[in-house]
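Please read the following paragraphs with the sequence and the model side by side. They move from a pair of helices to a pocket, and then to single residues.

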Amino acid sequence: MTFPEQKRVFRLIPGLEKAEFLRYGTIHRNTFIKSPVLLDPTLQFRRDPRIFFAGQITGTEGYLAAAAGGWLAGFNAARMARGLDPVPLPVHTMMGALFRYIATSNPRYFQPMNPNFGLMIQVPKKLRRVEKRKFLVERARETLAQWIDTYLNPSYVSSG
Ligand SMILES: Cc1cc2nc3c(=O)[nH]c(=O)nc-3n(C[C@H](O)[C@H](O)[C@H](O)COP(=O)(O)OP(=O)(O)OC[C@H]3O[C@@H](n4cnc5c(N)ncnc54)[C@H](O)[C@@H]3O)c2cc1C
């Protein structure tokens, strides 16, 4: 909404007829590529896998997702430099689910996405909300621990 329109609408609220607004709401527009067509969950550019993308240009939203994407892209670029295959994050982690989403969702309706539980797959339907989240967090921790053990353990790092 434009600033004058925000002023008009908020002043419709009883008690706020004469309110002064110090700061109005704003939205931001993201520029992003069509990741479902262009990227793998490893954040590699499909047309030239030596090129990596990260951050909001990939269609992720938020500081955490941008930092995690930057980390994964850097990690995989380093793997490639050592002659190793790039790897995605496990899909049962929040970031793994997000990068899977940007790489595999329907390109026609693709819009920026922030990390959220709705991206998680294979969620037991019978569990109640709190139990479901607990299950998802536990599962993410377990799969991430295995992933770290496989790809980041000291023997692996020093052997590269
Ligand atoms: C108003 C606003 C509020 C937000 N609030 C939140 C929030 O509360 N929490 C949250 O998690 N996220 C928030 N976000 C989203 C968050 O800022 C972004 O998701 C995140 O910063 C993306 O990081 P990035 O590194 O991908 O991109 P950016 O932080 O945009 O970094 C891109 C960088 O590339 C530089 N650049 C651009 N073009 C070129 C070029 N040609 N050559 C060299 N450099 C170039 C830019 O100058 C910039 O420094 C907000 C965004 C906005 C706009």
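At what angle do helix 3 and helix 4 pack, and how far apart are their axes? In this predicted model, helix 3, which spans residues 63–81, packs against helix 4, residues 94–104, at an angle of about 85°, and the two axes are 11 Å apart. Angles of 65 to 115 degrees count as roughly perpendicular, and helix 3 and helix 4 are therefore roughly perpendicular to each other. On the side of helix 3 the contact is made by L64, A65, A68, G69 and L72, while helix 4 contributes M95, L98 and F99. Sorted by class, this contact of helix 3 with helix 4 consists of seven nonpolar residues and one polar residue, with no charged residues.

One member of that contact, G69, can be followed further. G69 belongs to helix 3, and with a relative accessible area of 1% G69 is buried, because the cut-off for that class is under 20%. Leaving aside neighbours within four places in sequence, G69 is in contact with L43, A54 and F99, and F99 is also among the residues that helix 4 brings to its contact with helix 3. The C-alpha atoms of G69 and A54 are separated by 4.9 Å, although the two residues are 15 residues apart along the chain.

L43, another contact of G69, takes us to the backbone. L43 is placed in the loop between helix 2 and strand 1, the latter covering residues 44–45, and the relative accessible area of L43 is 1%, so L43 is buried. Most residues other than glycine have a negative phi. The phi of L43, however, is near 75°, a positive value in a residue other than glycine. Q122 likewise has a positive phi, of about 50°, although Q122 is not a glycine. Is Q122 buried or exposed? Q122 lies in the loop between helix 4 and helix 5, and with a relative accessible area of 61% Q122 is exposed, whereas L43 is buried.

We turn next to the largest pocket. Rolling a probe the size of a water molecule over the atoms shows where empty space is left. The largest pocket has a volume of about 290 Å³, and 14 residues line it, of which L89, T93, M94, M95 and L144 lie nearest its centre. Helix 3, helix 4 and helix 5, the last of these running over 129–151, are the elements that give two or more residues to this lining. Which element supplies the largest share of the lining? That share, six residues, comes from helix 5. By class, the lining of the largest pocket has twelve nonpolar residues, one polar residue and one charged residue. M95, named among the residues nearest the pocket centre, is also part of the contact that helix 4 makes with helix 3.

Two further residues relate helix 5 to positions earlier in the chain. E138 is found in helix 5 and is partly exposed, with a relative accessible area of 38%; its C-alpha atom is separated by 9.7 Å from that of T93, the two residues being 45 residues apart along the chain. P90 sits in the loop between helix 3 and helix 4 and, at 13% relative accessibility, counts as buried. Not counting residues up to four places away in sequence, P90 touches G96, A97, T143, L144 and W147, and L144 is one of the residues nearest the centre of the largest pocket. Computed along the sequence, P90 and E142 are 52 residues apart, and from C-alpha to C-alpha they are 10 Å apart in space.

The last stop is the region around helix 2. S35 is found in this helix, which covers residues 35–38, and with a relative accessible area of 0% S35 is buried. Beyond its neighbours within four places in sequence, S35 is in contact with T58, I102, A103 and F110. I33 is placed in the loop between helix 1, residues 3–10, and helix 2, and at 17% relative accessibility I33 also counts as buried. With residues up to four places away in sequence not counted, I33 touches L38, L39, F53, I57, T58 and F110, so that T58 and F110 appear among the contacts of S35 as well. I33 and M95, finally, are 62 residues apart in sequence and 18 Å apart in space, C-alpha to C-alpha.

Key:
Residues numbered from 1 in each chain as written. Predicted model: local features only at pLDDT ≥ 70, side-chain atom pairs only at ≥ 80, totals over all residues. Heavy atoms only, no water. Axes fitted to C-alpha atoms, helices over the stretch in contact; angles between N-to-C directions. Helix = DSSP H or I, 4+ residues; strand = E, 2+ residues; numbered from the N terminus. Parallel < 35°, antiparallel > 145°, perpendicular 65-115°, else oblique. Contact = heavy atoms within 4.5 Å. Nonpolar A, V, L, I, M, F, W, Y, C, P; charged D, E, K, R; others polar. 1 Å grid on protein atoms, 1.4 Å probe; cavity = no way out; pocket = protein on both sides within 12 Å on 5 of 7 lines; lining within 4 Å. Points joined across faces, edges and corners; volume = space filled by probe spheres on them. Buried < 20%, exposed > 50% of the residue type's maximum accessible area, 1.4 Å probe, protein only.
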